[in-house]
Amino acid sequence: MIPVFERDLCKLKVTARSIVAHDPDGVLGKVLICWVSQAARGEFTDQLDEITRILEEHGEVEVLEMQLDGVTGWLAQQSAKLKVASRASSEYYVVLDAKNALLRDMEPDAFFTPCNQAKVFGRYRMDDMPAEHRSWFEASAGVLGQQAMEWGTWPASVTPMVLHRQTTLDMLSMLGESPDFTSACDGGLCDSLRQQATEFTLYLVYAARIARFDCIHAIEERPWDDELSAVCLLAVWRNNDVGTAGQVEAMAEHSDLNGNPLFFGAQAGALDGFRDTERFKILSGLFSVYENAGLYDWDNWDDMADCIVGAWQ
């Protein structure tokens with residue numbers, strides 16, 4: 001499942017091509033594209049049809065549309081990631097963002113253990129969780145009448161994430177939310193999100209504290225020096241520190257230190273703080289990342305930057 005706004009269509013095209021190139025065994029199954037924009041889907045039919053045609057080389061694909069009814073796109077996107085459970089036909093579903101391009105081939109055990117439990121890619125103990133993400137866990141726990149987990153390691157609230165369909169539907173029911181995908185919010189879900197809960201922290205707290213966690217999930221710990229070689233998202237975050245250039249360089253060189261992620265994506269505007277030599281160096285690294293993955297398809301590096309991180313100002 002991939003939620004998408006109109007501004008994400010270029011990134012989604014790259015991700016679609018990456019799925020075709022790097023999921024030859026169909027691990028991801030049917031792809032559901034969820035249109036969650038204030039703009040009408042019909043205004044972007046040509047782009048969506050092109051993306052659909054690309055993904056049809058991989059397998060079945062369907063475009064769904066959610067009615068926002070005055071709800072912000074940010075809330076609707078989170079709602080869609082949960083309410084799409086009502087449209088999924090499998091026991092589990094994987095949530096990606098439009099920017100989650102695959103850089104190398106997906107392996108059959110990428111998301112599941114030999115016992116068919118969905119992997120939770122643990123990175124932080126709750127005491128070590130980045131402050132903003134920990135506040136989301138605590139807000140979600142409060143909404144659900146629980147305490148944030150005092151055991152295990154947990155991911156930040158980012159994609160990719162594997163959700164158990166029935167557990168998601170049970171949580172929506174507890175929140176008084178209809179599972180009907182066509183409406184962003186018609187119960188308690190958006191109220192919870194407005195209280196600083198997030199879709200993934202709600203799910204993880206519910207799964208860990210209320211559902212039968214050990215039956216449906218298993219935590220696979222991924223420390224910082226190994227997390228990018230597992231199923232995770234590397235984002236070139238909005239900052240102009242040395243770490244951004246270092247991360248891109250590590251991926252370009254397939255470094256043993258965090259240089260071989262399965263998924264890669266960049267936040268909009270991630271390169272806005274870079275100029276001249278530093279910007280050139282990062283763009284050179286990004287070129288190598290996409291070229292090595294067989295995904296480079298732009299006339300020049302500025303077109304690449306416009307597509308994957310937004311126009312440079």
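Trainee: In this predicted model, at what angle do the axes of helix H5 and helix H7 cross?

Mentor: Two packed helices are described by the angle between their axes and the distance between the axes. For helix H5 (residues 165-174) and helix H7 (residues 199-209), the axes come within 10 Å. Angles of 65 to 115 degrees count as roughly perpendicular, and H5 and H7 are therefore placed in that class. Their crossing angle is roughly 100°.

Trainee: Which residues of H7 are met by residues of H5?

Mentor: The H5 side of this contact is made by Thr167, Thr168, Asp170, Met171 and Met174. On the H7 side, the residues they meet are Leu202, Tyr203, Tyr206 and Ala207.

Trainee: Is Thr168 buried or exposed, and what is its relative accessible area?

Mentor: Thr168 has its place in helix H5, and, leaving aside residues up to four places away in sequence, it touches Leu82, Ala85, Tyr93, Leu163 and Tyr203. Since buried means under 20% relative accessible area, Thr168 is classed as buried, its value being 0%.

Trainee: Which residues of strand E4 are buried on each of its faces?

Mentor: Strand E4 spans residues 92-95, and both of its faces are covered. One side carries the buried residues Tyr92 and Val94, while the buried residues on the other are Tyr93 and Val95.

Trainee: Which residue of E7 stands opposite Val95?

Mentor: E4 pairs with strand E7 (residues 161-164) over four bridges, and the sense of the pairing is antiparallel. Within E7, the residue opposite Val95 is Met161.

Trainee: Which peptide bond is cis, with omega near -5°?

Mentor: The proline concerned, Pro160, lies in the loop between helix H4 (131-143) and E7. The cis bond, with omega near -5°, is the one from Thr159 to Pro160.

Trainee: Which strands stand at the edges of the open sheet with the order E1-E2-E3?

Mentor: Three strands form this open sheet, and their pairing is parallel. An edge strand has a single partner strand, so one side of it is left without a neighbour in the sheet. From one strand to the next, the twist averages 25°. The strands at the edges are E1 (2-4) and E3.

Trainee: Which residue of E2 stands opposite Ile2?

Mentor: E1 and E2 run parallel and are joined by three bridges. In E2, the residue that stands opposite Ile2 is Ile33.

Trainee: At what angle to E1 does H1 run?

Mentor: The 14 residues of H1 should span 20 Å at 1.5 Å a residue, and its end C-alpha atoms are 20 Å apart, which agrees. Among the buried residues of H1 are Leu9, Leu12, Val14, Ile19 and His22. The helix lies across E1 and E2, and its angle to E1 is about 155°.

Trainee: Within what arc do the buried residues of H2 fall, seen down its axis?

Mentor: Helix H2 (residues 45-56) has 12 residues and reaches 16 Å from its first C-alpha to its last, close to the 16 Å expected at 1.5 Å a residue. Its buried residues are Leu48, Ile51, Thr52, Ile54 and Leu55. They line one face of the helix, because they fall within an arc of 160°.

Trainee: Against which elements do the buried residues of H2 pack?

Mentor: The face of H2 turned away from its buried side carries the exposed residues Asp46 and Arg53. The buried residues of H2, by contrast, pack against helix H1 (9-22), strand E2 (31-35) and strand E3 (61-65).

Trainee: What relative accessibility does Asn116 have, and does Asn116 count as buried or exposed?

Mentor: Asn116 lies in the loop between strand E5 (101-102) and strand E6 (118-122), and its phi is near 65°, a positive value in a residue other than glycine. Exposed means over 50% relative accessible area, so Asn116 counts as exposed at 57%.

Trainee: What is the phi of Gln196?

Mentor: Gln196 lies in the loop between helix H6 (189-194) and H7, and at 48% relative accessibility it counts as partly exposed. Although Gln196 is not a glycine, its phi is positive, at about 80°.

Trainee: What distance separates the C-alpha atoms of Glu291 and Ser86?

Mentor: Glu291 lies in helix H10 (residues 276-292) and is partly exposed, with a relative accessible area of 44%. Glu291 and Ser86 are 205 residues apart along the chain, and their C-alpha atoms are separated by 37 Å.

Methods: Residues numbered from 1 in each chain as written. Predicted model: local features only at pLDDT ≥ 70, side-chain atom pairs only at ≥ 80, totals over all residues. Heavy atoms only, no water. Helix = DSSP H or I, 4+ residues; strand = E, 2+ residues; numbered from the N terminus. Expected span 1.5 Å × (residues − 1). Buried < 20%, exposed > 50% of the residue type's maximum accessible area, 1.4 Å probe, protein only. Arc of directions from axis to C-beta. Contact = heavy atoms within 4.5 Å. Pairing = 2+ DSSP bridges. Axes fitted to C-alpha atoms, helices over the stretch in contact; angles between N-to-C directions. Parallel < 35°, antiparallel > 145°, perpendicular 65-115°, else oblique.
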